[in-house]
Amino acid sequence: MNPNHHSRRRFLQLTATGLAASPWLGPLAWAQSSLPRKAIGMPAPGRMNLPTSPPSAPSGDSLGVAVIGLGGYGINRVMPALARAHRCHVAAVVSGNPEKAGTVAAAYGLADDAIYSYDNFDAIAGDDRVEAVYVVLPSGLHADWTEKAFAAGKHVLCEKPMALTPAECERMIAAGKAANRELMIGYRCHFEPYNLRAMALMREGAVGKIQHIETHQTYRMGPTSPADNWRVVRSLAGGGPLEDYGIYGLQSALYLSGEMPTTITATTEQPAGDPRFAEIFATVRTHLEFPSGATADLLTSYDTAPGRNVADVTGSDGRLIMEPATGYSGQHMTLARNGNTETLDPGDPGVQFHRQCDHFADVIRDGVTQIAPGEMGLRDVRLIDAIYRSAASGQPVEA
Ligand SMILES: NC(=O)c1ccc[n+]([C@@H]2O[C@H](COP(=O)([O-])OP(=O)(O)OC[C@H]3O[C@@H](n4cnc5c(N)ncnc54)[C@H](OP(=O)(O)O)[C@@H]3O)[C@@H](O)[C@H]2O)c1
């Protein structure tokens, strides 16, 4: 048992209030970004994973979910997960691209009146087929559309990162409370067998006293610019790789250590003259110090090849290495202790997507305690804010 282990509720209570918000934006105001900070339709992703025949009719208490934003993750991961879930189903789509929406809706057997646009979204309030909304929009739009969904009386499952600033997260939580509706964040690794096993192993002290955690979430982004990719637009993506990919390493460091950092030291890189990094950072390096004395080094980058996805925990009595650590599939995990190295195979990572959806339904239908509530999303966005404050000031920041 980790002596610094808090109960889950206490962990979130402590950490959701522990960091002061402060702007880190520097010289680039969000208003200067290239793409507008508003919901607009986009072309269909290069590959669409659509069902060959519509999913069978949902069971009696299945939760009807509207998916907002038919991009790569929405079409290829979220919708198949809702179709595979036991207690959820796709009940509507919300999109700014009518042709794409029609194709996707037909594949899921949805009626024409279950297709909404960003302009007529408010009408979803009167649609009893829809009890919840899954927000799969660019990250800078999460707050506004979560608030709109709550105003329409729906529950919300919102993709990571929850939003781009702590203030936005606080607004989202307040809106959910005012509407008396649930808010969950799409932290799929909390439903993924490898990460669940790793969390359990760390709680059991499988590597002894945790000394150091190292995470890498890196890849090299192909040529692009803010004119055609929201992921490099500050108003839609924040600082870039940390919110998008590095958030997995940050989360891993917290759920593997079972602690919140006391001190954060970070640096960012933003190479001049590269259109990919005109508005966002290329690389963020973060050093965390925990109350137990353990440390963590987190590397995330859009400009590193070959890319890596690693969580590596060194303890007094052993070492746990996950690589890839947080992917959609293909996880690999070894535990070295007592002179042996064991490869662990706790189950199919592919279940994470639909189990996350079923947990959301369990929360709404049965009042089950949320595993990834809005408060967890806020906690992480506050840490991200602190990381950028440290990098901007060149000083450690007390968390
Ligand atoms: N949990 C995970 O593993 C995971 C993985 C990938 C992404 N995500 C999260 O999911 C969200 C969406 O990511 P994605 O990869 O699906 O993005 P994407 O492929 O670019 O799709 C985003 C979709 O959002 C809609 N949209 C509305 N306003 C937009 C605007 N101003 N600019 C661009 N798109 C706009 C468009 O849908 P319509 O054309 O239908 O309007 C677009 O197709 C992000 O928050 C991301 O962090 C999570």
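Analyst: Two strands count as paired if DSSP finds at least two bridges between them, and the strands themselves are DSSP runs (E, at least two residues), as helices are runs of H or I with at least four, both numbered from the N terminus. This is a predicted model, in which local features need pLDDT of at least 70 and side-chain atom pairs count only at pLDDT 80 or more, while totals for chains, interfaces and linings use all residues. Residues are numbered from 1 along each chain as its sequence is written.

User: How do you know that strand S7 is paired with S11, and which residues show the register?

Analyst: There are 7 bridges between S7 (residues 210-218) and S11 (residues 309-315), and the two strands run antiparallel. Ile210 has Gly315 as its bridge partner in S11, and Gln217 has Asn309.

User: What joins S7 to S10?

Analyst: S7 and S10 (residues 295-301) are joined by 7 bridges and run parallel, with Thr215 standing opposite Leu298 in S10.

User: What makes the sheet one of mixed pairing, and which order do its strands follow?

Analyst: S7 runs antiparallel to S11 and parallel to S10, and both pairings lie within an open sheet of 9 strands in the order S14-S13-S12-S11-S7-S10-S9-S8-S15. Because S14 (340-344) and S15 (397-398) each have a single partner strand, they stand at the edges, and one side of each is left without a neighbour in the sheet. Helix H10 (residues 374-393) packs on this sheet, where it touches S8 (263-269), S9 (283-289) and S15, its direction making about 65 degrees with that of S8.

User: Why are H4 and H5 described as roughly parallel?

Analyst: Axes are lines fitted to C-alpha atoms, for helices over the stretch in contact, and angles run from 0 to 180 degrees between N-to-C directions. Helix H4 (residues 142-151) and helix H5 (residues 166-179) pack at about 5 degrees, with axes 9 Å apart. Angles under 35 degrees count as roughly parallel, over 145 as roughly antiparallel, 65 to 115 as roughly perpendicular and the rest as oblique, so H4 is roughly parallel to H5. The contact (C-beta atoms, placed from the backbone, within 7 Å) involves Ala143, Thr146, Glu147 and Phe150 of H4, which meet residues of H5 including Glu168, Arg171 and Met172.

User: Why does the relation of H5 to H10 get its own label?

Analyst: The axes of H5 and H10 come within 9 Å and cross at roughly 170 degrees; that angle is over 145, and H5 and H10 are therefore roughly antiparallel to each other. Among the residues in this contact are Cys169, Ile173 and Gly176 of H5 and Leu378, Val381 and Asp385 of H10.

User: Is the crossing of H2 and H9 left-handed or right-handed?

Analyst: The axes of H2 (residues 72-84) and H9 (residues 352-366) come within 8 Å and cross at roughly 65 degrees. The crossing is right-handed, the term for a near helix turned clockwise from the far one by less than a right angle, anticlockwise being left-handed. Arg77, Ala81, Leu82 and Arg84 in H2 meet Phe353, His354 and Cys357 in H9.

User: Which residues come nearest to the ligand, and which helix gives the most to its shell?

Analyst: With nearness set by a C-beta atom, placed from the backbone, within 6 Å, 27 residues surround the ligand, and Gly69, Leu70, Gly71, Tyr73 and Ser95 come nearest. H2 gives the most to the shell, with 3 residues.

How values were computed. Two residues are in contact if their C-beta atoms, placed from the backbone, lie within 7 Å.
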